Amino acid sequence: MNEDINRRALRAALDERVIEVLFKPSNYKLCLVKSRDRKALYLIYPDRYCSCTSFLFNLYKKGKGKCYHLKAYEIAIKKNLIKIIEEKDENFEKYFVKILMGILR
Ligand SMILES: [Zn+2]
């Protein structure tokens with residue numbers, strides 16, 4: 001099980017699915033991991049929180065640590081694989097909708 005999480009995390013990092021979006025002009029920053037099909041986004045606060053259901057309902061409650069999104073972020077930081085995207089503030093909703101899609105999966 002753990003191996004599976006590590007493998008998925010590594011693949012997400014290598015696929016450049018770990019992104020940081022910097023909104024302008026507010027300078028509001030979001031750390032996100034794209035789903036495998038890239039249609040949904042998972043909002044993460046590194047080392048603390050992920051918006052995926054796995055984190056919310058299983059890992060967090062059972063104190064088992066991290067989902068693969070949080071691990072993917074760690075790997076991406078170490079390997080310098082985080083993709084930085086600059087966006088206009090008015091495009092925030094587009095990201096928000098994708099985060100909601102990730103919660104609903
Ligand atoms: Zn997650």
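Here are some questions and answers about the predicted model shown above.

Reader: Before we start, how are residues numbered?

Author: This is a predicted model, where local features need pLDDT of at least 70, side-chain atom pairs count only at pLDDT 80 or more, and totals for chains, interfaces and linings use all residues. As for the numbering, along each chain as its sequence is written, residues count from 1.

Reader: Which pattern of helices and strands does the protein chain follow?

Author: Helices (H or I, at least four residues) and strands (E, at least two) are DSSP runs, numbered from the N terminus. The protein chain has four helices and five strands. Reading along the sequence, you get α-β-β-β-β-α-α-β-α.

Reader: And what is the radius of gyration of the protein chain?

Author: The radius is taken over C-alpha atoms, and the globule rule is 2.2 Å times the number of residues to the power 0.38. For 105 residues that rule gives 13 Å, and the chain comes close to it, so it is as compact as a globular protein of that length. The value for the chain is 13 Å.

Reader: What percentage of the 105 residues is buried?

Author: A residue is buried if 20 or more other C-beta atoms lie within 10 Å of its own, exposed if 12 or fewer, and partly exposed in between, with C-beta atoms placed from the backbone. By that count, the buried share of the protein chain is 28%.

Reader: Which element supplies the largest share of the largest nonpolar core?

Author: A nonpolar core is a set of buried Ala, Val, Leu, Ile, Met, Phe, Trp, Tyr and Cys residues joined through C-beta atoms within 7 Å. The largest one has 22 residues, and Val33, Tyr42, Ile44, Ala72 and Tyr73 touch the most other members. Helix H1 (2-14), strand E2 (29-34), strand E3 (41-45) and H3 each give at least two residues to this core. The largest share, five residues, comes from H3.

Reader: Which residues does Ala72 touch?

Author: Ala72 is one of the buried residues in helix H3 (residues 68-78). Contact here takes C-beta atoms, placed from the backbone, within 7 Å. Leaving out residues up to four places away in sequence, Ala72 touches Ala9, Ala12, Ala13, Val18 and Val33.

Reader: In E5, what is the bridge partner of Phe23?

Author: Two strands pair if DSSP finds at least two bridges between them. Strand E1 (residues 18-24) pairs with E5 in the parallel sense, over six bridges. E5 itself (residues 83-88) is hardly covered, with zero buried residues among its six. The partner of Phe23 in E5 is Glu87.

Reader: Is Tyr45 buried or exposed?

Author: Tyr45 sits in strand E3. Its C-alpha atom is 8.6 Å from that of Leu32, 13 residues away along the chain. Tyr45 has 12 C-beta neighbours inside 10 Å, so it counts as exposed.

Reader: Where is the cis peptide bond?

Author: Most residues other than glycine have a negative phi, and most peptide bonds are trans. Pro25 lies in the loop between E1 and E2. With omega at about 5°, the cis bond joins Lys24 and Pro25.

Reader: What about Asn80: what is its phi?

Author: Asn80 is in the loop between H3 and E5. It has 6 C-beta neighbours inside 10 Å, so it counts as exposed. Asn80 is not a glycine, yet its phi is positive, at about 60°.

Reader: And where is Arg38 found?

Author: Arg38 also isn't glycine, and its phi is positive, near 65°. It counts as exposed because it has 10 C-beta neighbours inside 10 Å. You'll find Arg38 in the loop between E2 and E3.

Terms used
Contact = placed C-beta atoms within 7 Å.
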